[in-house]
Structures are given as structure tokens and as C-alpha cells.
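Please open the model in your viewer and keep the selection tool at hand, as this tour moves from one stop to the next and tells you what to pick at each.

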Amino acid sequence: MWESESESHAGERGLVPVGGGGGGSGRHEALKNSDGFVRRDQSWYVHSDIPSDLFVKVGDVNFYLHKYPMISRSGRMSRVIYESAAAGSDPDAAAVELDDLPGDAEAFELAARFCYGMAVDLTAANISGLRCAAEYLEMTEDLEEGNLIFKTEAFLSYVVLSSWRDSIVVLKSCEGLSPWAENLQIVRRCSESIAWKACANPRGVRWAYTGASAGAGGRPPRSGASGTASPRWNVSGGNSKESSPSRQAVPPADWWFEDVSVLRIDHFVRVVTAIKVKGMRFDLIGAAITHYASKWLPGLTKDGSRGGSPDEPWAHASAGGGLHMIISGAGGKDDLATSAPAREQRMVVESLISITPPQRDSVSCGFLLRLLRLAIMLKAAPALVTELEKRVGMQLEQAALADLLIPSYSRADTAYDVDLVQRLVEHFLVQEQTEMASSPGRGEPQQPEYYSGRMPPAAAAASASATGLNAKARVARLLDSYLSEVSRDRNLSLTKFQVLAESLPESARTCDDGLYRAVDSYLKAHPTLTEHERKRLCRVMDCQKLSFDACMHAAQNERLPLRVVVQVLFSEQVKISNALASSSALKAAPDALPAMPTTRRQLLDGTPQSFQEGWAAAKKDINTLKFELESMKAKYLELQHEMDALQKQVDGRSAPSPTAGPSAAKIGGGKHLQHGPSAWSSGWKKLGKLAKMSGAEAGAPPAGIAPGEAARKGPRRWRNSIS
């Protein structure tokens, strides 16, 4: 307890009382020894024999005081009283109104007690208001040494800031003292003190058990009823002589969540910002934000939506100033977003979005989606909503279907916000591409500690690729379930359904059963689709990726186009053929390594039906080619005989007589040469006719060879082929 020790009088500081007559010091001495203050209804009186000559009105409370004690330690009161006297008011009864005094009537009462020399009990609950009131009343050291500003500053610095609980209480009490608490750095100092203690070694926190009176004197509500453990900061590191097993135990990492969750959102932001600067783990910061949201936004988190008993701490926090979810009301959606509670909620949501750590997995994807739903409903800042959508896209594979079913709060006709989910998928794909592009170039990829060297880039890229495929597969399953749910909406257009279904690459889905269910549900909810629209809808799924059960259902589904049913049956037939071939191969070879077939029949039995049909067609073509080759060989032999006969005929006509002379031979040779062209021409015409006939049967000459050259080189090619 701090008590004012000075007994100086107003005249000692050179202050002359208004209407000063003799005996002023005696009157002050008598007022100093007054018994105290007495309250009657909305008025405070000083218990003294000297009548009051100063009326002070603070809000709805009246104070009947004396001038001399007040002007001796308050520069503002001295100035106001002198100004009132100069204005011509009654010098024996001055009246002052202090409507803008920080801390209200409670703080002024303590300041007035201090001016009268009475004992003032400084606590964590009243110190912030009294400090601001002392600054407002200008109770500085210039008037008296050890004035109220000095006393309150000393209590703040040496008592409050060294205590975890008192720092929380003082910061909580600063909510109604803006901007005085900000200007006097009370908020900043308390926030940094809380952040320093939250980031320090948890062994420095000593747990002390308190009784049912815990929470009195402005203490923040703690979890549980009487006998509940609460933290006390032990500067010596927790090595107290009075120890118990519970006190010696190291508190959990989230020991500070409950205390900081009672703060108003602007002060909570200051604390979290200071904690970030001091380097606390991002997952603990995210957990603290989630815990705070469960207190101030009931229904946002799954735990908070279940409700709770009045004994639970968050129920007290909500009753004392929490913001309840504004889901339904008499007005429309626009009136809902502009109401006073909605504006407060919007401020809380926007602040939580802004301080959420940017690291992946700092908070759960479900929490982000519920926060996104509330931000859209309350019409938060578009930039913050876009940033929150990107955060959700970073970890979309962790989302649940219930959290993804966000109603359409805009004027869209659809029941659910399908465009929002489309943007989330796009953000997810962009994030996946960014990670895939950056993973091979990382200097030191994340790897287990037992790796002595650096992981090869190819292995790192393969690991990142496998992780990306798993994430895409989970998103694909989630998207198929979402499509099955929203497909029941009759206002959902075919284009939106198709674009959302095709937003993921084909490699993301190994089975299209979920997509088939969504397509069938859409066809059931939209029976008026044309044949062309139904075909367009069915293009989003791959019939070859359907399971056996899905194929059997599709084969009997009358809503599907006939062409799609045929494709399903054909793909299933191919699967059955391959399965039978594989099973027959396994039966033929019970060992791990299959044995080679020994007979032609076994080889044929082990060959799939499609391969057997192809082999039969190829065998028929080979037999046809053999027959054509035999015909060509016979025609070639016939042509060869005719060529030999023609050659003999030419040689017989051109040979000279053995008894003739040279001139006769010359003359005879010339004669035969004159008759030779007719025989040669007739022979070559016949040869050309045969060549044309054989060429037509054998086919056209190869590309790049002239027709004449092909005729000249034909016999040699045939000879080689026959031999």
C-alpha cells in the first residue's frame, strides 16, 4: 500500500488560495486530519467540520471538496479554479466539471484521497486509471516531490511489469483508457512484458493454487472453480523452497493461452506481435489465435460450437464481453453486416487474419475455412479475404467437406459458393507448381538427421513429386465429394460444374468413381438436360478409370447417354480380358517366376483374345502375300522362256554365211540390219506388254525410282527374291 507522506501546504509552493484570508494553513491542517470520504447516493463528501467550497462533477458523480488540498497537488485543478474566479463566479463555492477525465469517478476519488493525504491502496486493477487521471490532473513533481505521477509510475515499473498476472490485469483495464494509456506507453510496456514472459523458459513459471477468491481485484478469469492452478512468474527460475510435485512440474507450452485470451482484440494483437518479434514458434502462435477465436467467436471452432457449462472459462469471457456469432436476424444480409455487433465481429476477424502466421500448418485448414466463411458473411476487407483464400489453398488437402460447404452470401442463385471453391483449387495448383519448381533448386532440402550428406537433386525432386501427387489425390477426393453435394442444387449451371470438375489435372485421379457419382447426381437433379448437354457432362469422367461396381451401375443407368454406356461396357470388357489373361498366366505358373509355355497350344492359351485376333489377321495377310509371290514367280519363268526364244531368233537372222567374203558379209549384215528393227520392235512390244502385266500384279515401283528404271531393274529384283 502506497501512502502519501508529504504534509506540505498550498502556500509552500507559492499558491495562494482563492479569496485567501488569514488562517489558510490552519484550515488545510484541519482538512488533512479529516476522517475520510463518505458517499451518499451519487455524491461524495469529505468527513470534516469545515464546509465544502469546491464542487466537482465527474460524469454522474458529484464531489463536495475543498480548494486547498486539490490545488496544492493538481496543476489542472489550480488553473481551472483560478480561471473560474477570474470569470466572476462565486469565490467561496467554485464548480468544476471534468467529463473527459480518464478513469471516471473511481480514479478521481483515489486522486482526491491522495490530495487530502489519505492512504491510497494501489492495485493492478486501479493503477492504469489512476496513472492516467494523475496525468490529466497534472500532478507532477513541480508541485510537490513524490506526487501521484511519480508514485504510480514507480508502482507500474517495479511491481506490475514484474508480475505476469498483474501485467494481464493492467492491460485488460486499459481498454477504456484510450488514448491516454497508449500515449503513456502503458499498453506497450505491458504487451512487451507479457511477450517476454511467454517466450521465456517455462521453468520460470511457478504454479500457485488459489481459492475461490481468485479473480477478485481485477484478476482475469482462470479455468475451473476454486482450487484452480494459476501461473505466477518466478524471476529466480522457479527454485522456491516451498515446493510440491505440482509446482515443480514444468507447465505445458500453452500455459499462457488462457490468460491472453481475455484481452480485447487490439491488445491481443499487440501481444501477439510482440511475441512474434521475440521468435516464438509459429505453431504455438497459431494455437493461441485459435484459442482466442474460440472465446470471442463462439461457433467459429468446432470446440466452441458445442457450447459449454457456465463454469467453463470461455463462457465467462463471452458473458463479460465476448462477441457472439451473428447468424440470423430480423434484417437482411446487408443489415446484418452493418450492425454494431457485426462491425465488432468484423474487426476481430480482420485482426485475426492479419496476425495469423504465414507459415504452412500454423493453424488448421478447418479453422481457416471457418474464418473465411465468417469473413465473407461479415463483408471483411477484400484484400484480407483474398489473402485468407491463398492460405486455405496452401493446405487444401487437409480440408473437410463440412468446412468447404460455404453458403453463397452474395446475390448468386446457387446455394453454395462454387466460385470460391474454384479459386481455392486454383490457389492450390499454383502453390503445388511453385513447390515443384523450387524443390530441385533448394540448397539444403529437408531430410532426416541420419543423412550424412546432401540429398541428390533428383531424389529430392522425386520426393516432392510424390508428395504433390498425394496432395492432389486428396484434393481430388475432396472435390468429388463437394461436387456430389452441390450437384443437387437445381440452380447450378452445367458450365460451373464442368469447370470445377476439370480444374484438376487427369493425373490427380486414379479412380473416377467419385466423379461418376457427382455426374449421376447432377443428371438426377437436372432431368431436363438435352442429349448434347448430357454428353458434354459425361466428358468430365474417364470410363477406363471406373471400378467394376461403377461400371455395372453405369451399364444399367438410363440417365447416361447410350454412347457413354457403350464406352463403359467396352472398357470393362478389356479389363476382364486382361484380368483373365493374367489369372491364366498365374495358374500356369504357380511359382514366383512364370515358366515359358512348351507347346504352341499353351502359347495360344496364354495370349489375350485381342492378341489372338490380331495374329489371325496377320496370318491371313501372310498367306495372301505367299500366293501372290508364287503367281509372280510363274509369270517370271514364262517371260524368261519368251526372252530366250526371241534372243535365238535374232541371233539366227544376223549370223553371216561361212562361204561368203567380207563384202558379202558386210552386205548381208546390212540387209539383216535393215530387216532387224521390225523384229526387234515386235519382240520388245511383247516384252513390254508382259512387263506391264506383271508390274500391275506386283504393285507400283518403289518411291524415288523412275518407271523405266524400275522396268530395267525388275528382273534382277525378282531373281534375288526367288533365289
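Begin with the whole chain selected: of its 723 residues, 40% count as buried. What you have on screen is a predicted model, and its secondary structure comes to 31 helices and nine strands. If you switch on a surface display, the accessible surface of the chain comes to about 39,700 Å², and 55% of that area belongs to carbon and sulfur atoms. Among the contacts in the chain with a separation of 6 or more, 71% are between residues 24 or more positions apart.

**First stop: two helices side by side**

Select residues 494-501, which form helix 23, together with helix 24, and look along their axes, which come within 12 Å and cross at roughly 180 degrees. How do helix 23 and helix 24 run with respect to each other, roughly parallel or roughly antiparallel? An angle over 145 degrees counts as roughly antiparallel, and helix 23 and helix 24 are therefore roughly antiparallel to each other. To see where they meet, show the side chains of Leu-494, Phe-497 and Ala-501 on helix 23, and those of Leu-515, Ala-518, Val-519 and Tyr-522 on helix 24, since these residues make the contact.

Now keep Val-519 selected, which is found in helix 24, residues 513-525. Is Val-519 buried or exposed? Val-519 has a relative accessible area of 0%, so this residue is buried. Leaving aside residues up to four places away in sequence, Val-519 touches Phe-497, Leu-537, Cys-538 and Val-540. You can also draw a distance from the C-alpha atom of Val-519 to that of Ala-501, which should read 9.6 Å for two residues that are 18 residues apart along the chain.

**Second stop: a nonpolar patch**

Next, select Phe-548, Met-552, Ile-576 and Leu-580, which make a nonpolar surface patch of about 370 Å². Helix 26, residues 548-555, and helix 27, residues 562-588, each supply at least two residues of this patch. Pick out Leu-580, which is found in helix 27, and compare what you see with its relative accessible area of 54%, which makes Leu-580 exposed.

**Third stop: charged pairs**

Side chains of opposite charge can pair when their charged atoms come close. The structure holds 21 salt bridges, and the next selections visit some of them.

Select Glu-109 and Arg-113, whose side chains meet in a salt bridge with an N to O distance of 3.1 Å. Why are Glu-109 and Arg-113 separated by about one helical turn? The reason is that they are four residues apart in helix 4, which covers residues 104-115. Glu-109 counts as buried at 14% relative accessibility, and Arg-113 is buried too, with a relative accessible area of 19%.

Move on to helix 25, residues 531-538, where Glu-531 and Arg-534 are three residues apart and therefore separated by about one helical turn. Their side chains meet in a salt bridge of 2.1 Å, taken from N to O. Glu-531 counts as partly exposed at 36% relative accessibility, whereas Arg-534, at 18%, counts as buried. After this pair, select Arg-131, Glu-135, Glu-153 and Arg-189, which are joined into one network by salt bridges that share partners.

Then select Arg-360 and Glu-397, whose side chains meet in a salt bridge of 2.0 Å, N to O. This pair links distant parts of the chain, 37 residues apart: Arg-360 sits in the loop between helix 17 (340-355) and helix 18 (365-377), while Glu-397 sits in the loop between helix 19 (382-394) and helix 20 (401-404). Arg-360 counts as partly exposed at 28% relative accessibility, and Glu-397 counts as buried at 11%.

**Last stop: a loop residue**

Finally, select Thr-123, which lies in the loop between strand 7 (119-120) and helix 5 (127-136). At 27% relative accessibility, Thr-123 counts as partly exposed. Add Asp-166 to the selection and draw a line from C-alpha to C-alpha: Thr-123 and Asp-166 are 8.6 Å apart in space, although 43 residues apart in sequence.

Note on methods. Residues numbered from 1 in each chain as written. Predicted model: local features only at pLDDT ≥ 70, side-chain atom pairs only at ≥ 80, totals over all residues. Heavy atoms only, no water. Buried < 20%, exposed > 50% of the residue type's maximum accessible area, 1.4 Å probe, protein only. Contact = heavy atoms within 4.5 Å. Patch = residues over 30% accessible without salt bridge, like charges linked within 9 Å, V, L, I, M, F, W, Y side chains within 5 Å. Areas by Shrake-Rupley, 256 points an atom, 1.4 Å probe, with all protein chains shown as cover. Salt bridge = Lys/Arg side-chain N within 4 Å of Asp/Glu carboxyl O. Axes fitted to C-alpha atoms, helices over the stretch in contact; angles between N-to-C directions. Parallel < 35°, antiparallel > 145°, perpendicular 65-115°, else oblique.
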